[in-house]
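Good morning, colleagues. I would like to take a few minutes to go through one structure with you, beginning with a pair of helices and then turning to the strands. Please have the model open as we proceed.

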Amino acid sequence: MYRDKLYPQNAKDVLLMDEKETEKVEEVQTETSACISEAGSNFIAVGANTSSLNEVRRFYKKVSIEPKYAKCNHCILVYRHRDEEAKIHQGYNDDGEHGAGRKLLEYLTRNNNVNVGIVVTRWYGGKHIGTKK
């Protein structure tokens, strides 16, 4: 099992995209959940079929630059895919939501989900959710 590091997108990543990369990002097909509200915060999950780290990067970039999600406080990424040699690649980025990506990855692993990328966006509502530090 391999863990790959992916970092949040920044303006430089987006501004340096050439026309070919822009087209690849736009081609990524996604599914979006309904908005869920808890303790004043709003959450939306976006998912895509991904089978390589490059596809995960494109998916993450697509969600990150979407105006609706670019304004969220946190953009949590989790992904898990199997390569041509049947090795599992997986990872997450909490984007400031300590433990959230790890818990989502545990869920994907427990349910044997592969070839999937998920981004959970959170618009912070002012109340802490989860265990206190």
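Let us begin with helix H2, residues 19-27, and helix H3, residues 53-65, which in this predicted model pack at an angle of about 85°, their axes lying 8 Å apart. Angles of 65 to 115 degrees count as roughly perpendicular, and H2 and H3 are therefore roughly perpendicular to each other. On the H2 side, the contact is made by Glu21, Lys24, Val25 and Glu26, and H3 contributes Arg58, Lys61, Lys62 and Ile65. What is the character of the residues in this contact of H2 with H3? Six are charged, two are nonpolar, and none is polar.

I now turn to the strands, with E4, residues 41-49, as our point of reference. Which strands pair with E4? Strand E2, residues 31-32, does so in the antiparallel sense, over two bridges. Within that pairing, Thr32 has Val46 of E4 as its bridge partner.

Strand E3, residues 36-38, also runs antiparallel to E4 and is joined to it by three bridges. Here Ile36 stands opposite Phe43 in E4. E3 and E4 form a hairpin, with two residues between the strands. In the turn, Ala39 has a positive phi of about 50°.

Finally, E4 is joined to strand E7, residues 116-123, by eight bridges, and these two strands likewise run antiparallel. In this pairing, Ala48 of E4 stands opposite Gly117 in E7.

Thank you for your attention; I welcome your comments.

Note on methods:
Residues numbered from 1 in each chain as written. Predicted model: local features only at pLDDT ≥ 70, side-chain atom pairs only at ≥ 80, totals over all residues. Heavy atoms only, no water. Pairing = 2+ DSSP bridges. Helix = DSSP H or I, 4+ residues; strand = E, 2+ residues; numbered from the N terminus. Axes fitted to C-alpha atoms, helices over the stretch in contact; angles between N-to-C directions. Parallel < 35°, antiparallel > 145°, perpendicular 65-115°, else oblique. Contact = heavy atoms within 4.5 Å. Nonpolar A, V, L, I, M, F, W, Y, C, P; charged D, E, K, R; others polar.
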